[in-house]
Amino acid sequence: MASLTIRKLDDAVKTYLRLRSAKNHRSVEEEVRVILRELIEGREEPLTPFAVPYAAPTPQRTGALPEASVTLIIGGGIAAYKSLDLIRRLKERRIEVRCVLTKAAQQFVTPLAASALSHERVYTDLFDPQSEFDAGHIRLARDCDLIVVAPATADLMAKMANGHADDLASAILLATNRKVLLAPAMNPLMWSNAATRRNVAQLQRDGVVLIGPNAGEMAEAGEAGTGRMSEAIEIANAAERLLRPPTPKPLAGKRVLITAGPTHEAIDPVRYIANRSSGKQGFAIAAAAQAAGAEVTLVSGPVDLDDPPGVTVKHVESARQMLEQVEAALPADVAIFAAAVADWRVANEGEQKLKKTAAGMPPLQLVENPDILATISKLTDKRPRLVIGFAAETEHLIDNAKAKFARKGCDWIVANDVSPATGVMGGDRNTVHLLSRKTGAQDGEIAVDSWPAMTKEQVAIELVAQIAKSVTGKSLESAS
Ligand code: C5P
């Protein structure tokens, strides 16, 4: 039977489901089930109780955090009040939170408060018929990326260490196959007690991660020692590190130069010659190289894209301006020329707007633009160690791409078919072939590595991985 992950749905659908489930006091999953049941039973009731305008899904912005979700188990201790702040801190980090409150936790915080902060239904009962008719505790245990227990009381940790499952929290902890982060909180004597020491050691052997407890004053008057729950920010940061481990930086200390987008070649002050390049592929490469730790300069023609965070972007119009900025950005370890540079510019550019005259069309004299890729490939002093060109072709892709090696003098060529039927120009996907000179080949033999169709972001990540391997010998997986 297929399963559906709510957080992978479009934003507009998720917003609709959240509003509707909140109104009906149901969890989002229950609401989905009700909607499906209504549909199947052919009910007339409209499915739009709120006017939620449909918004086309916004593409994930380069550099945006990936979504993640946490099941937060709140145990019964005075530190439970800090867990309300923890919900907020997790949500600030774009982490969805579903709360489970133990019976004891409800003596300190209310399900209503947790629900208001998490914007989700709160779970309290293992034998709740509404959520358990399809084993809700199993979904809470597995339909998330991480389980956080805060506060993790001595009792909850003892149950966990011994595999008990007699309430919702312990049943989830026993049924999960996700990572578990515990934020212990208890009296210092309970923390140092031999039984707790044994349980903590057992949990650590089981792969559970602990944050804290910190040392300091206790809620009990006059008591101090180790047992205070970590602050909400510390727990949220620890959760984020587990959910989004820092990416390897194999290109740290390397300078990478990238060109992207079209160039605009002026005919007169209001008209220009251009092409259909969107710049998406070059921008994605810049973002991927930056994420791999490189110091990136992106020289971009006119595009409708946000500058990738952490990248130095030089905006230019024409091919000559692009060459100027590329030369100014040298030296670099790697240069990637993804721009669709106009081959020609107008020699007799009009100082004023050209007018229609009885004599007919004014003749446009075209002259060739500088070939930026060839110019940089042929440098002797400041030539980057790895120079990569692109070959966007509409026919004879591999043959045309191979012919470019001799003309341009670069090391690799990324070839892609841009004929209109492929939708590559301006689209989000690309099918590329990476051409490189075979190692040790004397006769200029060229290796062709054909990649499957991927998003432009995936192409960028794969290309950066190959670059890292080539210039540093480090792979994205092994580097740190
Ligand atoms: O010659 P062609 O335009 O097919 O070559 C494509 C490759 O050369 C791309 O990498 C492109 O960025 C680069 N190029 C350049 N300057 C030009 C023309 C192309 O850098 N004037």
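## A parallel pair to start from

Let's begin inside a sheet: Val149 stands opposite Leu182 in strand 4. The two strands involved here are strand 3 (residues 146-152) and strand 4 (residues 179-184), which run parallel and are joined by 5 bridges. Keep in mind while browsing that this is a predicted model.

Strands 3 and 4 belong to an open sheet of 5 strands, ordered 2-1-3-4-5 and paired in parallel. At its edges stand strand 2 (95-101) and strand 5 (209-210); each has a single partner strand, so one side of each is left without a neighbour in the sheet.

## The chain as a whole

Stepping back, the chain holds 16 helices and 21 strands. Of its 480 residues, 39% are buried. Among contacts with a separation of 6 or more, 70% are between residues 24 or more positions apart.

## A hairpin worth a look

Strand 6 (residues 214-217) pairs with strand 7 (residues 224-228) in the antiparallel sense, over 4 bridges. Within this pairing, Gly216 of strand 6 faces Gly225 in strand 7.

The hairpin has 6 residues between its strands, and Gly222 takes a positive phi near 80° there.

## Two nonpolar cores

The largest nonpolar core has 62 residues, and Ile258, Ile285 and Ala289 are those with the most contacts inside it. Helix 12 (residues 280-291) is the element that gives the most to this core, contributing 8 residues. As general background, nonpolar side chains in soluble globular proteins tend to be buried together.

Ala289 is a good residue to click on: leaving aside residues up to four places away in sequence, it touches Leu251, Val256, Ala294, Val296 and Val464. Another core, of 54 residues, lies apart from the largest one; among its members are Ile73, Ala80, Leu173 and Ala183.

## Around the ligand

Finally, the ligand. Its surroundings are formed by Thr259, Ala319, Phe337, Ala339, Val341, Asn369, Asp371, Ile372, Leu373, Gly389, Phe390 and Ala391. Two or more residues of this shell come from each of helix 14 (372-377) and strand 16 (386-393). The largest share, 3 residues, is that of strand 16.

What is the chemical make-up of the shell, counted as nonpolar, polar and charged residues? The residues divide into 8 nonpolar, 3 polar and 1 charged.

Notes
Residues are numbered from 1 along each chain as its sequence is written. A residue is near a molecule or strand if its C-beta atom, placed from the backbone, lies within 6 Å of it. Ala, Val, Leu, Ile, Met, Phe, Trp, Tyr, Cys and Pro count as nonpolar, Asp, Glu, Lys and Arg as charged, and the others, Gly among them, as polar. A nonpolar core is a set of buried Ala, Val, Leu, Ile, Met, Phe, Trp, Tyr and Cys residues joined through C-beta atoms within 7 Å. A residue is buried if 20 or more other C-beta atoms lie within 10 Å of its own, exposed if 12 or fewer, and partly exposed in between; C-beta atoms are placed from the backbone. Two residues are in contact if their C-beta atoms, placed from the backbone, lie within 7 Å. Two strands pair if DSSP finds at least two bridges between them.
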